[in-house]
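Please open the structure in your viewer and keep the selection tool at hand. The tour proceeds from one selection to the next and explains each term when it is needed.

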Amino acid sequence: MSAATTRSRTPDRLCAEAVDLARSAAEEAAAPGVVGEHAGLVSEGDRVVTHFFECKELGYRGWRWAVTVARASRAKFVTLDEVVLLPGPDALLAPEWVPWSERLRPGDMGPGDLLPTDAEDLRLEPGYTGEDEPPPNSVLSHEMAELVEAEDAEVTAGPPANFSVTPSRGSIASVAEELGMRRARVLSRYGLHVAADRWEDAYGPKTAMAQAAPASCVSCGFLAPIGGAMGQAFGVCANEFSPADGHVVSLAYGCGGHSEAAVMPKPPRPAPPVIDETRVDPFPLRPSPDSGSVPVAADEESVELGHS
């Protein structure tokens, strides 16, 4: 080990004794009452020492005020170099910064929030806008120009040459708009696969609800089909009592609200009353004399005693 290395690791005596100078510099840079006790020193090099003081600032647990002092060669006066707040070995540090695009999660957006998409987003690819290609029935189209040249004809000043706006009905742009393709960017194949995987994770055949379902959604009457390539594997649930109501579900998904899982039978209706209108039942106004429990003939003993 060289002599220069030995000197650099041994703190300079005058710099190590300049604790009051270091504390005054730390108190001047910090708020009142924030600088705590002296927490040691470390040699930074020849005649360069850093003093550490505890930080009492709330929220900076384990941090230390680091004051570096130095002394010129053969000088007897110690000068101040810098004052900085540094984290200690057990300091409370903020988590590593993550870009907002990576912090964003589904459901974080609220009313008025804007979510810009990257120009090179893998989920999107250029769509067809039709701005750079005239419709086939336009006088400016390539097909019309070739037809005019082949027939050796001239385009007159009358219709359709004087159209200020080319007709939109039957044009390539209108057909593309009707098919939902006239957009600046559309879903790419990667975007379709990512969406399909996300939908299957939420409402797919591997969920606990689908595993316990009596049948799949492909045979359910509450399934509303969707168009496009996704319609071959997904639909929208329209059962208000289903846990997937209003959500895109896989055709292999299922729940207990399947339309044909259990058909409730009609409640039994009582039989209509039987009325025989061909027979008449007599109902006398007075009861029959022999219908009671007392005989009609008076008993002789009861007559003598005065009983009726």
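Begin by selecting His-258, which is buried, with a relative accessible area of 8%; buried means under 20%, exposed over 50% and partly exposed in between, computed with a 1.4 Å probe and protein chains only. The model is a predicted one, in which local features need pLDDT of at least 70 and side-chain atom pairs count only at pLDDT 80 or more, while totals for chains, interfaces and linings use all residues. Residues are numbered from 1 along each chain as its sequence is written, and side-chain values use heavy atoms, with hydrogens and water left out.

His-258 belongs to the loop between strand 9 and helix 9 (300-304). Helices (H or I, at least four residues) and strands (E, at least two) are DSSP runs, numbered from the N terminus.

Next, add Ser-219 and Cys-220 to the selection. The side chains of His-258 and Ser-219 make a polar contact at 3.0 Å. Such a contact is a pair of N or O atoms within 3.5 Å; within protein, one must be able to donate a hydrogen and the other to accept it, and residues adjacent in sequence count only if both atoms are side-chain atoms. The side chain of His-258 also reaches the backbone nitrogen of Cys-220, at 3.3 Å.

Now display the strands. Strands 7, 8 and 9 form an open sheet in the order 7-8-9, with antiparallel pairing; two strands pair if DSSP finds at least two bridges between them. Strand 7 (223-225) and strand 9 (248-250) are at the edges, each with a single partner strand, so one side of each has no neighbour in the sheet. Strand 7 and strand 8 (residues 234-237) are joined by three bridges. To see one bridge pair, select Ala-224 and its partner in strand 8, Val-236.

Finally, turn to the largest pocket, with about 620 Å³ of space. On a 1 Å grid over the protein atoms alone, a pocket is an open set of points where a 1.4 Å probe fits, with protein on both sides within 12 Å along at least five of seven lines; lining residues have an atom within 4 Å of a point. Select Ser-101, Leu-104, Leu-115, Arg-123 and Arg-198, which lie nearest the centre among the 19 lining residues. Which helix gives the most to this lining? Helix 7 does, with five residues; select 189-202 to display this helix.

Technical notes. Points joined across faces, edges and corners; volume = space filled by probe spheres on them.
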